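Trainee: Could you take me slowly through a single part of this structure? I would like to see how two packed helices are described.

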Amino acid sequence: MEQRLANTWRMTVNEKKFIESALVSGLRVDGRNLYDYRKLSINFGKEDGSAEVHLGQTRVMGIATSQLVQPYRDRPNEGTLSIFTEFSPMADPSFEPGRPGEFAVELGRVIDRGLRESRAVDTESLCVLAGKLVWAIRIDLHILDNGGNLVDAANVAALAALSTFRRPECSLGGENGQEVIVHPPEAREPLPLIIHHLPIAVTFAFFSDESTLVVDPTHQEEAVMAGRMTATLNTNGDICAIQKAGGEGVPQSVIMHCLRIAATKAADITVKIRDTVEAYNTERALQKIKRHSAPVALDVSGTVPNVRKNQVKSEDQREVSGSVGTQVEKLKPMNERKNSDQSNDIEGKVVTKSLEQGGTNSKDGNPRSFIGGPSS
Amino acid sequence: MEIDRADGRNPNQLRPLSCSRGVLNRAHGSASWAQGNTQVLAAVYGPKAGTKKNENPEKASVEVIWKPKTGQIGKQEKEYEMVLKRTLQSICILTIHPNTTTSVIVQVVHDDGALLPCAINASCAALVDAGIPLKHLAVAICCCLADSGLVMLDPTKLEEEKMKAFVYLVLPNSILSVLPEESSSVKGEQMEQGLITSVTHGVMSVDDYLHCLERGRAATSKMSDFLRRNLQPQLSSDSSKAG
């Protein structure tokens, strides 16, 4: 195992001195201002409740799942929320598989406090049968790439996953109303969680020079820093959690200054999360319309391969737009391709017709919502 | 006899493949491979000094860590780790860097059938991205057998569950060579006729198995072309991974 430690990345003295002296003059190695965040982008996976967050070079994937369990004795009417953080060895050569290290546990606890203890997620709505069955929401956070500031990225991933998660609808039935029937997503539309507010974590790094502090440190800055503080706040002005575990002592005025900065940053990030979640929800709703109108289109247009090709085509488009530098290949025999050209022509004609008419009757009697969907 | 597959493919059709390399910054090599909705992310670190206790220090060793999407690591994950490790050990040239460990970490992003073949393909691409010396590439595919005896390629999760049996096959990639064919044969048989790994689930007759093998081999030539095209060096990416 000692040989493993020899493989960890160590920062050279030159790099340390360079970062420190650059910070004294207010310069950061990646060219940002002291209080700037790196570029934050949130992508959603194919299932509800899976999100991947890129914060500069840091990459975290968050997945939310649910299960019916017995509630805790002292809270028989509430569901539970639990957070599991996986420091995958792919993120950093020093992360070992197996038991989480102290930093992993700390990260899990900070996010847990911010989400659960501030009552961001409404747990009372997760109760199915008081005292017997409640929904337990489980969030798995996988750290894929450690580019620094894992707390903030993981927090955004957890929030994004929770915002897009849908739990199955269940109803009570049976003789005395004690039997719980869980409806599959095809039968009844699954329900989103009720989220009251979004607690955003903002991390500050302090350096040995008293007045220097930066927001959103990269992993090189983290290797040089003398202390760190994470403040979790929401846009209502509530402070959900503050974590400053050891490190360099910092005067009160600096702490207040940090909280003020954190408030503005939290507002920006909240807007970003809300916008991307809304975009995802609208796309999901459009997808649902397409899926439901497909059986109708089958009867009317009469040709099966065309409809399916459209669906697969739009999936392709999503794939291409969602990833960078990929090659999407379809291995299909030639006759299928001819069919697709035909379907493109038919589609083209119907689209122009419906745009001209603007009415509910289009050429083949296809519902307008199908034509107007993302595939056009 | 035609069986209608839910997504409109015919039995010999694979789902759309997509592969991107160099997706992670800290890892020495990384690749994301998607077959339809199944997506796997693989990262490679190595070679690192030293081997584990029960490994042979005269050779390089490969360590595989499989991370499921959610939940604890159980027996299924351990089995995948073992199969992946043995497969990758047979394609890596182990004599070049003795007493080192190359770690391959696989993260399941989404599972919609044919998960292990997708992971093997992703790991192979990640090994190439990391520059680990390999003898040849490995191309993995899943063939499933319906009750009627029809062999279908690359099933989705629903299809896998309904089938009588399915087999994961890993074959070496097809050779693109200017040399005449005889020089690439090993012990009188063509190298591309070899089979690296085969994992079966369910009951199938010997004839059905050989039939699956044939179909799998035909499909892997197309996949090898895709892989070869995709592994061409990318012009615009930077290659400095120091630190």
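Mentor: Happily; here is a walk through one pair of helices.

This is a predicted model, in which local features need pLDDT of at least 70, side-chain atom pairs count only at pLDDT 80 or more, and totals for chains, interfaces and linings use all residues. Residues are numbered from 1 along each chain as its sequence is written, chains are lettered from A and ligands numbered from 1 in the order in which they are written, and side-chain values use heavy atoms, with hydrogens and water left out.

Two packed helices are described by the angle between their axes and the distance between the axes. In chain B, look at helix α1 (residues 75–91) and helix α2 (residues 115–130): they pack at about 40 degrees, and their axes lie 11 Å apart. Helices here are DSSP runs of H or I with at least four residues, numbered from the N terminus. Axes are lines fitted to C-alpha atoms over the stretch in contact, and angles run from 0 to 180 degrees between N-to-C directions.

α1(B) and α2(B) are therefore oblique to each other; under 35 degrees counts as roughly parallel, over 145 as roughly antiparallel, 65 to 115 as roughly perpendicular, and the rest as oblique. The crossing of α1(B) and α2(B) is right-handed, meaning that the near helix is turned clockwise from the far one by less than a right angle.

Now find the contact (heavy atoms within 4.5 Å). From α1(B), the residues are B:Tyr80, B:Val83, B:Leu84, B:Thr87, B:Leu88 and B:Ile91. α2(B) brings B:Leu115, B:Leu116, B:Ala119, B:Ile120, B:Ser123, B:Cys124 and B:Leu127. Eleven residues of this contact are nonpolar, two are polar and none is charged. Ala, Val, Leu, Ile, Met, Phe, Trp, Tyr, Cys and Pro count as nonpolar, Asp, Glu, Lys and Arg as charged, and the others, Gly among them, as polar.

Methods. Helix = DSSP H or I, 4+ residues; strand = E, 2+ residues; numbered from the N terminus.
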